[in-house]
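Me: I should like to learn how to read a protein model feature by feature. Could we take one structure and work through it together?

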Amino acid sequence: MGRGLILGIESSCDETAAAVVERGERTLSSVVASQIATHARYGGVVPELASREHLRAIVPVVRAALAEAGCTLADLDAIAVTSGPGLAGALLVGITYAKALAFARGLPLIAVNHLEGHIHAVLLHEKEAQEDSLDAQSLALVVSGGHTHLYLARPVDGTWRYKLMGRTVDDAAGEAYDKVAKLLGLGYPGGPWIDALARFGDAKAVPFAFAQIKTKLHLAGKPPRTKAAKTAPIAELDTHFMFSFSGIKTAVLRYVELHGLRAEAEARVARILAGARPPQTKDEALALCSQQVLDLIASFQHAVVGDLMKKTFAAAEALGAARILVTGGVAANRELRARFAAEAERRWVRVAFPTLALSTDNAAMIAAAAWPRFVAGEFAGLDLSADPSLVLGR
Ligand code: KG4
Ligand code: ZN
């Protein structure tokens with residue numbers, strides 16, 4: 001073995017990413033080509049466009065990752081690639097390219113679950129920060145545009161095992177952010193916009209409530225309603241650790257209709273489509289939204305973060321997890337980070353996040369997650385194919 005260099009490749013959704021990570025603990029490069037500009041005018045990811053953009057970006061992105069890491073293909077020890085969950089056509093671009101590289105260079109190929117990747121984005125940061133609770137049993141909240149899942153993560157003989165403890169029964173939290181932003185006439189993706197605007201509103205203005213999910217019986221026999229639902233079974237989960245974010249989206253819509261805010265939202269659309277950036281000051285925020293809309297946004301975010309917090313900390317306590325890992329695009333949210341950190345301090349548990357850059361999709365997390373598999377010799381064959389609804393743990 002050489003230096004333990006793994007090239008990671010990620011193309012499951014709307015970012016084409018490549019990274020080189022040394023021994024799963026040192027990021028030598030992490031390059032992300034975002035397709036946001038391509039999808040923004042449609043207000044969401046268009047799968048066909050995503051595949052086309054991945055095809056365009058994959059070669060230059062891998063080249064840039066190698067150049068930034070100061071290495072060539074000859075220095076690598078393995079190629080790691082996301083094999084699911086995600087968009088089938090998008091995944092295939094990364095997988096096909098990774099297979100070709102592995103075959104041409106005679107390198108082992110490692111398949112990584114995207115969700116395990118997100119969890120390793122935090123573990124990578126913990127290693128880089130040289131935290132001492134490295135191998136503690138942890139509760140991981142993966143909260144992104146496609147997922148709101150709670151996993152118990154345990155280290156066993158150098159690799160990690162995951163058990164699904166809870167998840168959303170409908171929309172993911174990031175999906176709620178994106179849908180609420182869309183109906184308010186804000187930019188895509190909605191998370192960064194709502195994050196920036198919420199600071200200027202009164203979070204107590206609109207009392208949004210989350211009902212406790214009392215029974216899953218009515219869900220058990222039904223086919224899954226959403227993409228997120230397909231990736232994990234719900235039958236054995238504790239209802240206390242289950243989420244639902246489709247109700248709050250409807251509540252926001254009702255508030256907008258009831259208070260005559262639709263015209264204001266429509267007026268914003270043209271401006272945002274012209275490429276406006278999230279506001280940084282109170283004046284910029286007010287120029288974009290009425291105080292009433294800022295209050296609505298602040299209340300929405302306060303409620304979502306509160307619900308994520310309540311269930312995550314309850315699960316950590318019930319399961320005796322010493323550490324909470326929060327990861328995925330929504331983990332970039334400032335209010336979420338501040339409130340989770342404060343609550344963790346109050347309860348004497350450790351909470352850890354990825355760096356901001358590694359919160360959203362990237363390939364460093366894929367290369368990091370591949371390291372324990374590389375050491376254990378868990379390699380994929382050249383018949384590896386995309387699994388759009390790949391499940392992590394059980
Ligand atoms: O992990 P990610 O890049 O892709 C998925 O695997 O889904 O997450 C993207 C999601 C989007 O829904 C986006 O609106 C949300 O993360 N997001 C945020 C923030 N930045 C991104 N949500 C809240 N606050 C943010 N600062
Ligand atoms: Zn993701």
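Reply: The following turns treat the sheets, some unusual backbone points and the ligand site. Please keep in mind that this is a predicted model.

Me: Let us begin with the sheets. In which order do the strands S3, S2, S1, S4 and S5 lie, or is that order simply the numbering?

Reply: As a general idea, the strands of a sheet pair through backbone hydrogen bonds, in a parallel or an antiparallel manner. Here, five strands make an open sheet whose order is S3-S2-S1-S4-S5, with mixed pairing. Strand S3 (26-34) and strand S5 (109-113) are its edge strands, each pairing on one side only. Ignoring direction, neighbouring strands of this sheet are turned by 20° against each other on average.

Me: How many bridges join S4 to S5, and do these strands run parallel or antiparallel?

Reply: Strand S4 (residues 78-84) is joined to S5 by five bridges, and the two run parallel. To find this pairing in the model, look for Thr82, which stands opposite Val112 in S5.

Me: There is another sheet, with S6 to S10. What is the strand order there, and is the pairing mixed or uniform?

Reply: This open sheet also has five strands; they follow the order S8-S7-S6-S9-S10, and the pairing is mixed. Strand S8 (159-167) and strand S10 (350-352) are at the edges with a single partner strand each, so one side of each has no neighbour in the sheet. The average turn between neighbouring strands of this sheet is 25°, direction ignored.

Me: Over how many bridges do S9 and S10 pair, and in which sense?

Reply: Strand S9 (residues 323-327) pairs with S10 in the parallel sense over three bridges. Within this pairing, Ile324 has Val351 in S10 as its bridge partner.

Me: I should now like to look at the backbone angles. Which peptide bonds are cis, and where are their prolines found?

Reply: The angle to read for a peptide bond is omega. The bond from Gly84 to Pro85 is cis, with omega near -10°, and Pro85 has its place in the loop between S4 and helix H3 (88-105). Tyr188 and Pro189 are also joined by a cis peptide bond, with omega about -5°. Pro189 is in the loop between H5 and H6.

Me: What is the phi of Arg23, and where does this residue lie?

Reply: Arg23 has a positive phi of about 50°, although this residue is not a glycine. Arg23 is placed in the loop between strand S2 (15-22) and S3.

Me: Finally, the ligand. How many residues surround ligand 1, and which are the closest?

Reply: To read a binding site, one lists the surrounding residues and then asks where they come from. Ligand 1 is surrounded by 20 residues, the closest being Gly145, Asp178, Gly191, Asp195 and Asn333. The shell divides into five nonpolar, 12 polar and three charged residues. Helix H4 (114-128), helix H5 (173-183) and helix H6 (190-198) each supply at least two residues of this shell, and H6 gives the most, with four.

Me: Why is ligand 1 said to lie between domain 1 and domain 2?

Reply: Both domain 1 (5-135 + 357-376) and domain 2 (167-356) give residues to the shell around ligand 1, so the ligand lies between them.

Me: Which atoms of Ser144, Gly174 and Asp361 approach ligand 1, and how much of the ligand is buried?

Reply: A polar side-chain atom of Ser144 is 3.4 Å from an oxygen atom of ligand 1. For Gly174, a backbone N or O atom lies 3.1 Å from an oxygen atom of the ligand. A polar backbone atom of Asp361 is likewise 3.1 Å from an oxygen atom of ligand 1. Taken alone, ligand 1 exposes 560 Å², and the protein buries 90% of that.

Terms used
Residues are numbered from 1 along each chain as its sequence is written. Chains are lettered from A and ligands numbered from 1 in the order in which they are written. This is a predicted model: local features need pLDDT of at least 70, side-chain atom pairs count only at pLDDT 80 or more; totals for chains, interfaces and linings use all residues. Side-chain values use heavy atoms; hydrogens and water are left out. A residue is near a molecule or strand if one of its heavy atoms lies within 4 Å of it. A polar contact is a pair of N or O atoms within 3.5 Å; within protein, one must be able to donate a hydrogen and the other to accept it, and residues adjacent in sequence count only if both atoms are side-chain atoms. Accessible areas come from the Shrake-Rupley method with a 1.4 Å probe; for residues, only the protein chains shown count as cover. Ala, Val, Leu, Ile, Met, Phe, Trp, Tyr, Cys and Pro count as nonpolar, Asp, Glu, Lys and Arg as charged, and the others, Gly among them, as polar. Domain bounds come from an automatic or database domain assignment. Two strands pair if DSSP finds at least two bridges between them. Axes are lines fitted to C-alpha atoms, for helices over the stretch in contact, and angles run from 0 to 180 degrees between N-to-C directions.
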